[in-house]
Amino acid sequence: MIIGRLLAGIGIGISSALVPLYISEISPTEIRGALGTINQLFICIGILAALVAGLPLAQNPAWWRTMFGISIVPSILLALGMAVSPESPRWLFQQGKISQAEAAIKKLYGKEKVTEVMYDLKASGQGSNEPDANWFDLFSKRYWKVVSVGAALFLLQQLAGINAVVYYSTSVFRSAGIASDVAASALVGAANVFGTMIASSLMDKQGRKSLLITSFSGMAASMLLLSLSFTWKALAPYSGTLAVVGTVLYVLSFALGAGPVPALLLPEIFASRIRAKAVALSMGMHWVSNFFIGLYFLSVVNKFGISTVYLGFASVCALAVLYIAGNVVETKGRSLEEIERELSPPS
């Protein structure tokens with residue numbers, strides 16, 4: 001069991017960094033945001049499907065073996081699908097494989113787009129003699145600002161309390177009279193899916209930065225409502241209902257921006273020569289902070305109380321709004337090459 005979970009964790013860790021990177025590099029500029037959000041949408045749908053797949057456990061305790069067996073199917077489908085998918089033309093061009101890059105562009109966008117995309121790649125300087133960056137280059141003056149933004153977005157995403165809310169949602173729903181843990185989790189999962197669907201339709205219209213600000217603002221308000229529902233005596237008769245409403249609104253707000261945008265934005269703002277390592281570093285920040293929140297959340301709640309912890313999450317969300325307003329650039333409607341020329345000009 002431990003070995004299996006270790007292997008699954010390695011696979012998830014690799015794919016969580018590679019998938020948004022790959023989608024960003026192969027997507028046409030005008031729909032890059034929507035395609036990146038669709039990735040997050042199907043992750044949410046997968047989580048919801050996994051929750052539904054657990055329903056037979058109530059009648060059949062041995063069902064967990066079948067559940068693990070079912071997960072083989074999407075793994076095989078992903079492997080087969082990627083086997084016939086084109087390599088990233090940007091990566092091929094960077095490696096000097098010009099003819100293969102042109103073939104990938106033709107397969108992705110059609111023959112008529114080959115000249116235009118190749119021109120953009122050449123204009124961006126990706127064909128320069130600059131070697132791939134090493135890990136120390138990420139902390140150089142040239143790249144540190146964008147790398148710090150990437151790491152900060154994932155740190156803020158986790159410190160804003162999303163996993164804590166999900167972990168604690170079943171207890172919140174029990175206080176409102178919803179006895180089924182599966183039903184409570186399914187409600188949270190459905191809210192996540194619905195919010196991500198809205199985000200996918202808005203990503204290329206409203207832009208990444210505005211969705212992030214709206215998302216964290218909604219999360220801050222929801223966390224404040226959750227905190228008050230546990231402490232304000234005037235709200236005591238409605239505390240259970242308000243806690244459920246606050247939880248659902250929080251998850252909806254998260255799905256609008258804080259959930260899908262960081263993984264989409266990072267490959268957009270990182271220069272091609274640091275993109276892979278910088279995305280890996282940022283995703284590492286995501287999983288490390290996720291791990292510590294999962295490890296210490298209940299201990300902190302027991303020491304300070306759930307209301308105080310939720311108030312702390314609300315403060316993080318408010319700080320995130322200020323940070324994003326001052327440090328995140330809008331990438332909507334701009335090619336990766338345009339963004340790179342602005343944020344990481346050649347040294």
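Here are four short exercises on this structure, each with a worked solution.

The model is predicted, so local features need pLDDT of at least 70 and side-chain atom pairs count only at pLDDT 80 or more, while totals for chains, interfaces and linings use all residues. Residues are numbered from 1 along each chain as its sequence is written, and side-chain values use heavy atoms, leaving out hydrogens and water.

**Exercise 1: the salt bridges**

Work out which residues join Arg 32 in one network of salt bridges.

Step 1. Start with the rule: a salt bridge is a side-chain nitrogen of Lys or Arg within 4 Å of a carboxyl oxygen of Asp or Glu. That gives a count of six salt bridges.

Step 2. Take Arg 32, which pairs with Glu 268, with 2.5 Å between the closest N and O atoms. Arg 32 sits in helix H2 (residues 32-53) and Glu 268 in helix H13 (residues 261-269), so this pair ties together parts that are 236 residues apart in sequence. Helices here are DSSP runs (H or I, at least four residues), numbered from the N terminus.

Step 3. Now follow Glu 268 to its salt bridge with Arg 208, at 2.6 Å from N to O. Arg 208 belongs to helix H11 (residues 208-231), and the two are 60 residues apart.

Step 4. Put the shared partners together: Arg 32, Asp 204, Arg 208 and Glu 268 make one network.

Step 5. Check the surroundings, where buried means under 20% relative accessible area, exposed over 50%, and partly exposed in between (1.4 Å probe, protein chains only). Arg 32 is buried at 1%, Glu 268 is buried at 1%, and Arg 208 is buried at 0%.

Step 6. For another pair, look at Lys 113 and Glu 116, whose closest N and O atoms are 3.5 Å apart. Lys 113 is partly exposed at 32%, and Glu 116 is partly exposed at 44%.

**Exercise 2: the cysteines**

Find how many disulfides the whole structure has.

Step 1. A disulfide is a covalent bond between the sulfur atoms of two cysteines. The cut-off used here is a pair of cysteine sulfur atoms within 2.5 Å.

Step 2. Search the whole structure, and you get zero. Cys 44 has its nearest cysteine sulfur, in Cys 317, 17 Å away. That's too far for a bond.

Step 3. Are these cysteines buried or exposed? Cys 44 is buried, with 1% relative accessible area, and Cys 317 is buried too, at 0%.

**Exercise 3: the second largest pocket**

Which helix gives the most residues to the lining of the second largest pocket?

Step 1. Get the volume, which is about 380 Å³.

Step 2. Look at the lining: of its 22 residues, the closest to the centre are Leu 18, Leu 21, Glu 25, Trp 91 and Ala 276. Lining residues have an atom within 4 Å of a pocket point; a pocket is an open set of points on a 1 Å grid, where a 1.4 Å probe fits, with protein on both sides within 12 Å along at least five of seven lines.

Step 3. Sort by helix: H1 (2-26), H5 (89-94) and H14 each supply at least two lining residues. H1 gives the most, with four.

**Exercise 4: along helix H14**

Decide where Tyr 296 sits, and whether Gly 284 is buried or partly exposed.

Step 1. Tyr 296 is in helix H14 (residues 275-304), and this tyrosine is partly exposed at 45%.

Step 2. Gly 284 also lies in H14, and counts as partly exposed at 28%.

Definitions and conventions: Grid points are joined across faces, edges and corners, and a volume is the space filled by probe spheres set on the points.
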